[in-house]
Amino acid sequence: MLPEVGSEDWIPQAADFVSQIEGVQVAAAAGVVDGNIVISGRNWESDLNCGEIFKENFDKLGSAGGHKSMAKAVIPEDNWLDHFGAKSLTATKAKLLIQKIIVKGVAKQSA
């Protein structure tokens with residue numbers, strides 16, 4: 001199961017931390033807050049637009065957007081489950097889904 005997070009602030013802090021790893025273009029962190037899946041994205045030193053990637057890929061499930069270097073998605077858990085299925089909230093499955101969605105967005109912007 002994706003982790004329940006007591007404070008939404010921990011999610012962007014985790015994405016910030018991961019984005020500092022050498023060679024990382026786009027970083028994301030996610031957790032469940034008050035029945036919503038919250039995903040935070042970061043993009044440093046790249047021509048990619050993190051906000052556009054999030055808006056294009058997550059907005060249809062809840063709300064999403066941001067700026068070139070920072071983005072956020074808030075997706076009601078029910079919407080996530082309706083779209084991806086009951087097993088999609090396991091930590092491994094959710095991580096792979098989020099990674100796949102972001103990689104697809106990066107590829108599209110890089111083309």
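Biologist: Let's start in the sheet: in β4, which residue is the bridge partner of arginine 42?
Modeller: Keep in mind that this is a predicted model. Strand β4 covers residues 70-76 and runs antiparallel to β2, with seven bridges joining the two. In β4, the residue that bridges to arginine 42 is methionine 70.

Biologist: And which residue forms a salt bridge with arginine 42?
Modeller: The closest N and O atoms of this pair are 2.5 Å apart. The pair links distant parts of the chain, with arginine 42 in strand β2 and its partner in helix α1, 26 residues apart. That partner is aspartate 16.

Biologist: Is arginine 42 buried or exposed?
Modeller: Look at the strand as a whole to begin with: β2 (residues 36-43) is mostly covered, with seven of its eight residues buried. Arginine 42 has a relative accessible area of 8%, and the cut-off for that class is under 20%. So arginine 42, at 8%, is buried.

Biologist: How does aspartate 16 count, and at what relative accessibility?
Modeller: Aspartate 16 sits in helix α1, which spans residues 10-19. Exposed would need over 50%, and buried would need under 20%. Aspartate 16 falls in between, so it counts as partly exposed, at 26%.

Biologist: What about the other neighbour of β2: how many bridges pair β1 with β2?
Modeller: Strand β1 takes in residues 26-33, and its pairing with β2 is antiparallel. One of the bridges puts alanine 29 opposite serine 40, and another joins valine 33 to asparagine 36. The count of bridges between β1 and β2 is eight.

Biologist: Which residue in the turn of that hairpin has a positive phi?
Modeller: β1 and β2 form a hairpin with two residues between them. Most residues other than glycine have a negative phi, so a positive one is worth a look. Here a residue other than glycine has a phi near 50°. The residue is aspartate 34.

Biologist: Is aspartate 34 buried or exposed?
Modeller: Aspartate 34 is found in the loop between β1 and β2. Its relative accessible area is 73%, and the cut-off to pass is over 50%. So aspartate 34 is exposed.

Biologist: How far apart are the C-alpha atoms of tryptophan 80 and asparagine 36?
Modeller: Tryptophan 80 lies in helix α3 (residues 77-84), and it counts as buried at 0% relative accessibility. Asparagine 36 is the β2 partner of valine 33. Along the chain, tryptophan 80 and asparagine 36 are 44 residues apart. In space, their C-alpha atoms are separated by 8.9 Å.

Biologist: Back to charges: which residue forms a salt bridge with glutamate 8?
Modeller: A search of the whole structure finds four salt bridges. In this one the closest N and O atoms are 2.3 Å apart. Glutamate 8 lies in the segment before α1 and its partner in strand β4, so the pair ties together parts that are 64 residues apart in sequence. The partner of glutamate 8 is lysine 72.

Biologist: Which residue meets lysine 108 in a salt bridge?
Modeller: The N to O distance for this pair is 2.5 Å. Lysine 108 lies in helix α4 and its partner in helix α2 (residues 50-58), so the two tie together parts that are 52 residues apart in sequence. Lysine 108 is exposed at 55%, whereas its partner is partly exposed at 45%. That partner is glutamate 56.

Biologist: Which residues form the positive surface patch?
Modeller: One member, lysine 93, is found in helix α4 (residues 91-110). Lysine 93 is partly exposed, with a relative accessible area of 40%, and patch members need over 30%. The members of the patch are Lys60, Lys93, Lys100 and Lys104.

Biologist: And what is the area of the nonpolar surface patch?
Modeller: Phe17, Val18 and Ile21 make this one. Phenylalanine 17 is found in helix α1, and it is exposed, with a relative accessible area of 62%. The area of the patch is about 290 Å².

Notes:
Residues numbered from 1 in each chain as written. Predicted model: local features only at pLDDT ≥ 70, side-chain atom pairs only at ≥ 80, totals over all residues. Heavy atoms only, no water. Patch = residues over 30% accessible without salt bridge, like charges linked within 9 Å, V, L, I, M, F, W, Y side chains within 5 Å. Areas by Shrake-Rupley, 256 points an atom, 1.4 Å probe, with all protein chains shown as cover. Salt bridge = Lys/Arg side-chain N within 4 Å of Asp/Glu carboxyl O. Lys, Arg positive; Asp, Glu negative; His and termini not counted. Charge placed at Lys NZ, Arg CZ, Asp CG, Glu CD. Helix = DSSP H or I, 4+ residues; strand = E, 2+ residues; numbered from the N terminus. Buried < 20%, exposed > 50% of the residue type's maximum accessible area, 1.4 Å probe, protein only. Pairing = 2+ DSSP bridges.
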